[in-house]
Amino acid sequence: MKRNMGRIDKFVRVSLAVIAALLVYFNVVQGTLAYVLLAVAAVFVLTSLISFCPLYGHFGLNTCKVKKT
């Protein structure tokens, strides 16, 4: 797997995951939507940790800066 996520993209994903987790924790969002938000947050964190998003690869997107040598 090649990296296809840049630093800013990873920061945004982790920030959204934290916000989603806080919304669930403080019972702003409840029920099925809470589970969906937590699942999306988990995917965001996982893809940020490995710097690879399968959807980016599918659509040919790349936000990672390539080092020229």
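These are my notebook entries on a predicted model, taken topic by topic.

**Entry 1: salt bridges**

I searched the whole structure for salt bridges and got 1. The pair is Asp9 and Arg13, with their side chains meeting at 3.5 Å, N to O. Side chains of opposite charge can pair when their charged atoms come close. I then checked where the two partners sit: both are in helix α1, 4 residues apart, which is about one turn of the helix.

Are Asp9 and Arg13 buried or exposed? I looked up each one. Asp9 has a relative accessible area of 13%, so I wrote it down as buried. Arg13 comes in at 9% relative accessibility, so Arg13 also goes down as buried.

**Entry 2: the largest pocket**

Rolling a probe the size of a water molecule over the atoms shows where empty space is left. I looked up the largest pocket and noted about 250 Å³ of space in it. Which residues line the largest pocket? My list reads Arg3, Met5, Gly6, Arg7, Ile8, Asp9, Lys10, Ser51, Thr63, Cys64 and Lys65. Sorted by class, the lining has 5 charged, 3 polar and 3 nonpolar residues. Asp9 turns up here as a lining residue, and Asp9 is also a partner in the salt bridge with Arg13.

**Entry 3: positive phi**

Most residues other than glycine have a negative phi, and most peptide bonds are trans. I therefore made a note of residues that go against the usual sign of phi.

Ser51 is one: it is not a glycine, yet its phi is positive, at about 60 degrees. I placed Ser51 in the loop between α2 and α3 (54–59). With 3% relative accessibility, Ser51 counts as buried, because the limit for that label is under 20%. Ser51 is also on the list of residues lining the largest pocket.

Asn27 is another entry, with a positive phi near 60 degrees in a residue other than glycine. I found Asn27 in the loop between α1 and α2 (32–50).

**Entry 4: nonpolar surface patch**

I went over the surface for nonpolar side chains and found a patch formed by Ile8, Phe11, Val12, Val14, Leu16, Val18, Ile19, Leu22, Leu23, Tyr25, Phe26 and Val28. Together these residues have about 1,200 Å² of accessible area. I picked Leu22 for a closer look and found it in helix α1 (residues 7–25). Its relative accessible area is 44%, so Leu22 is partly exposed. Ile8 belongs to the patch, and I had already met Ile8 in the lining of the largest pocket.

**Entry 5: three residues of helix α2**

Next I looked up Tyr35, Ala39 and Val40, starting with Tyr35 in helix α2. Tyr35 has a relative accessible area of 64%, so I noted it as exposed. How far apart are the C-alpha atoms of Tyr35 and Lys2? I read 30 Å, for residues 33 apart along the chain.

Ala39 also has its place in helix α2. At a relative accessible area of 43%, Ala39 is partly exposed. Ala39 and Cys53 are 14 residues apart in sequence, and their C-alpha atoms lie 15 Å apart in space.

Val40 is in helix α2 as well. I have Val40 down as partly exposed, because its relative accessibility is 38%. From Val40 I went to Leu16, 24 residues away along the chain, and the C-alpha atoms are separated by 9.5 Å. Leu16 is one of the residues in the nonpolar patch of Entry 4.

Key. Residues are numbered from 1 along each chain as its sequence is written. This is a predicted model: local features need pLDDT of at least 70, side-chain atom pairs count only at pLDDT 80 or more; totals for chains, interfaces and linings use all residues. Side-chain values use heavy atoms; hydrogens and water are left out. Patches are made of residues with over 30% relative accessible area and no salt bridge: like charges are joined within 9 Å, nonpolar side chains (Val, Leu, Ile, Met, Phe, Trp, Tyr) within 5 Å. Accessible areas come from the Shrake-Rupley method with a 1.4 Å probe; for residues, only the protein chains shown count as cover. Helices (H or I, at least four residues) and strands (E, at least two) are DSSP runs, numbered from the N terminus. Buried means under 20% relative accessible area, exposed over 50%, partly exposed in between (1.4 Å probe, protein chains only). On a 1 Å grid over the protein atoms alone, a cavity is a set of points where a 1.4 Å probe fits but cannot get out, and a pocket is an open set with protein on both sides within 12 Å along at least five of seven lines; lining residues have an atom within 4 Å of a point. Grid points are joined across faces, edges and corners, and a volume is the space filled by probe spheres set on the points. Ala, Val, Leu, Ile, Met, Phe, Trp, Tyr, Cys and Pro count as nonpolar, Asp, Glu, Lys and Arg as charged, and the others, Gly among them, as polar.
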